[in-house]
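Biologist: Please take a close look at one helix and what packs around it. After that, work outward to the cores, the rings, the pocket and any unusual backbone.

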Amino acid sequence: MHSLHSLFFPESVALIGASSDPERIGGRVLRFMLEGGYEGTIYPINKGEPIVQGLKAYKNITEVPGQIDQAVIIIPAAGVETALREAVSKGIKSVQILTAGFAEIDEAGKVQQQKLVDICRENNVRMLGPNSLGLLNLSNKFSATFSTALNGLRPVKGNIALATQSGAFGSATYGMASLRGLGFSKIIATGNEADVDVAESIDYLAEDPETAVICAAVESCKDGNRLRAALLKAAKAGKPVLIMKAGRTEVGATAAATHTGSLAGNDTVYDTVFAECGAFRPQSIEEMLDIAYVCSVTGALPKNNDVAILTGSGGIGILMADHASDHGLQLPKLSAAGSAAVLEVLPFAVAANPLDTTAQVTAVKSGVTRTLDALLSHSSCGTIFAYLAHVGLSPVRFKSTSDEMIALKGKFPDRAIIMVMLATKEVAAELDKHGIPTFADPSRAVLALAGARKLAQRRDALYAPSAAKKSAKALGDVSTEAAAKKVLAEAGLPMLPEAVCSSAEATVAKATEFGFPVVCKISSADIPHKTEVGGVMLNLPDADAVRAAYDELLRRAKAAVPNARIDGVLVTPMLKGGVETIMGIHMDPTFGPMVMFGSGGTAVELFKDVAFASAPVNEARARELVDSVKSSQLLRKWRGGPQFDEQALVNAICKLSEFGQMHADVLESIDVNPLMVREKGAVCLDAVITLR
């Protein structure tokens, strides 16, 4: 049995801080449990009152006869440690600490919070909180929360679960959901996450037979591997996860010495990991609930990207088609057989997709459902939208159409049928019951389907990085381009011949050996981005040009960075022809090494045409990474150009990702920019490695 089971299914609960005043925090928790009809035994703990809200109360938990499964603590922070020790002495399996005033306040609070953690771990007790809004389990009617949302709303039983760090976010979410009739299995607010966090809650819900869809919200994550594992577990269990992440700041970017670090922002990494693990990140609570609604009602994710739209309004059909295209959905043309079948029912219609039935469809008996049947019978569209304006507001008139829709869904159980219309709650509920979602807003309907389709695509392409490997060989000094490229070459990355020279004549000699034209660059650990100081001179045709370049590069470097340590000038052959790309490694503090690929050159941070993946990547994942970048089209005979060596590029990405994982304990970031992809082969033309 999952270790969080005791949090959701206690047979007896001690409420430490229970109040007779139903409006105080301790009183609200007890009132909500009583009003909700909790099926277990409640023991109010109150030092001053023998009866609390009609129940026998105890001055101390130690006075309660027999063992207690769970304690809910809602007293001032100063008394929580003592209360927890007393509760542990009664053999509790879990505890909820709803009291605030711990790690979220100051360092002293962190110390006190850690004491609570230590007590629980020593006694094998699971702890929710502190600073938690509590949880709700709709199956046993356990409403252990003080959320005032329950004053006016009562979540109903359903198959959607909600796990959130923020209690207020959670109550707002299930409040919005309850107003629209969505039902819940479990709701949990993890607060400070001293023990139980959102990741572990998702792990539990992935096993919960009463949960079909998981909604979640995080502000931060303490254990990236645990979150990865939980999301993958839910995806493999067939449970869609819709997860929101607060904050879109580029954490750590200002401290990064590489393009990779500045582009990796914390938010981008979360997006990457969510996608790899089969989850989808909505941009609003409304969108999250819309997608959850579609998944909950249909019981399955859409089978493909193809959609058909039946509408009585040409304008609405065009609007929906535009939104579908914007979000990666496709509207295939009707087949000849499909067109014939449609025209047999509606000879006045234009047999297209979207299909505008016009208002005349009302003159044809069962015109809507017969046309939908024709569309479904003669296409492979995974989803069909039916825009019926406001007919759902008239239950009596809509009854026959509703019955026919339900029968049609039975005939095509593997297809999603989504109604777009104004409807009464009763009409929508009846359709929901038979797997047919209803939306009033056509745009929201399309956006919800697109999110569900993303979940399906991601579930088919789950990716978990292989176990970490550590290199037996230390990196040593990698402070200059030459040193960085040397260790990368040893790791199997392709390089041109090069040399760092400490005199003009030595530079000329090497340039002559390599063959003209050549490139000369300043070599300095203090100048990682050489182009910003004029530290790169290209296409030098002869010895005189190289000799002059040596002196000029030193002059520019000293002018730009007077105290820079300068090793000399790096000289290498001038490479012509190819596509400039960038690849790198970013060490994320939560999720570990991430490999980056994108459009390279000096404007990489301007265009930000890059993508990330968890390292290390295999060949298939590396190809997906390349495909996800818009500029990768330049590699594929763009505008009549040549085909460039994508296999060499994929090999380089894989090698770099392996290198990044093996040295993850010392790396901060790696930049290879540009990695020149040629018609045959690829070459790293510059590299920066930053250590912690």
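**Helix H13 and its surroundings**

Modeller: The buried residues of helix H13 are covered by elements including strand E14 (307-311), helix H12 (336-345), strand E15 (355-356), strand E16 (383-387), helix H14 (395-411) and strand E17 (416-420). The model is predicted, so to speak for local features a pLDDT of at least 70 is needed, side-chain atom pairs count only at pLDDT 80 or more, and totals for chains, interfaces and linings use all residues. Residues are numbered from 1 along each chain as its sequence is written, and side-chain values use heavy atoms, with hydrogens and water left out.

Helices (H or I, at least four residues) and strands (E, at least two) are DSSP runs, numbered from the N terminus. H13 spans residues 367-377, and eight of its eleven residues are buried (under 20% relative accessible area; exposed is over 50% and partly exposed in between, with a 1.4 Å probe and protein chains only). The buried residues are Gly367, Val368, Thr369, Thr371, Leu372, Ala374, Leu375 and Leu376. Covering is judged by contact, meaning heavy atoms within 4.5 Å.

The loop between E15 and H13 holds Thr358. Phi of Thr358 is near 60°, a positive value in a residue other than glycine. With a relative accessible area of 26%, Thr358 is partly exposed. A second positive phi, about 55°, belongs to Lys637, which is not a glycine either. Lys637 sits in the loop between H21 and helix H22 (646-662), and its relative accessible area of 54% makes it exposed.

Next come the cores. A nonpolar core is a set of buried Ala, Val, Leu, Ile, Met, Phe, Trp, Tyr and Cys residues joined through side-chain atoms within 4.5 Å. The largest has 56 residues, and those with the most contacts inside it are Leu15, Met33, Ile202, Leu227, Leu231, Val241 and Ile243. H6 supplies the largest share of this core, six residues. Another core lies apart from it, with 47 residues that include Ala217, Val307, Val420 and Val446. In soluble globular proteins, nonpolar side chains tend to be buried together. Leaving aside residues up to four places away in sequence, Ile243 touches Ile202, Ala216, Val218, Leu227, Phe274, Ala279, Phe280, Arg281 and Pro282.

Met33 also appears among the neighbours of Ser143, a residue of strand E9 (residues 142-145). By the same sequence exclusion, Ser143 touches Val29, Phe32, Met33, Leu135, Leu136, Leu150 and Arg154. Its relative accessibility of 7% means that Ser143 counts as buried.

Now the rings. There are six aromatic pairs in the structure. In one of them, Phe8 and Tyr204 are stacked, at 4.8 Å centre to centre and 0° between the planes. Phe8 belongs to helix H1 (residues 5-8) and Tyr204 to helix H6 (residues 198-207), so this pair ties together parts 196 residues apart in sequence. Rings of Phe, Tyr and Trp (its six-membered ring) pair if their centres lie within 6.5 Å; planes under 30 degrees apart count as stacked, over 60 as edge-to-face and the rest as tilted. Phe8 counts as buried at 1% relative accessibility, and Tyr204 counts as buried at 5%.

Tyr270, Phe274 and Phe591 form one aromatic cluster. Lys245 lies over the face of Tyr270, at 4.8 Å from the ring centre. The charged end of Lys56 sits over the ring of Tyr58, 5.0 Å from its centre. A charge sits over a ring if NZ of Lys or CZ of Arg is within 6 Å of the ring centre and within 35 degrees of the ring normal.

The largest pocket contains about 810 Å³ of space. It is lined by 27 residues, and the closest to its centre are Asp271, Ala275, Phe280, Lys454 and Arg458. Phe280 is also one of the contacts of Ile243. On a 1 Å grid over the protein atoms alone, a pocket is an open set of points where a 1.4 Å probe fits, with protein on both sides within 12 Å along at least five of seven lines; lining residues have an atom within 4 Å of a point. Grid points are joined across faces, edges and corners, and the volume is the space filled by probe spheres set on them. Helix H9 (266-276), helix H16 (442-459), strand E25 (610-614) and helix H21 (619-627) each supply at least two lining residues, and H9 gives the most, seven.

Two cis peptide bonds remain to be noted. One joins Gly129 and Pro130, with omega about -5°; Pro130 is in the loop between strand E7 (126-128) and strand E8 (134-137). The other joins Asn673 and Pro674, with omega about 0°, and Pro674 is in strand E26 (residues 667-677).
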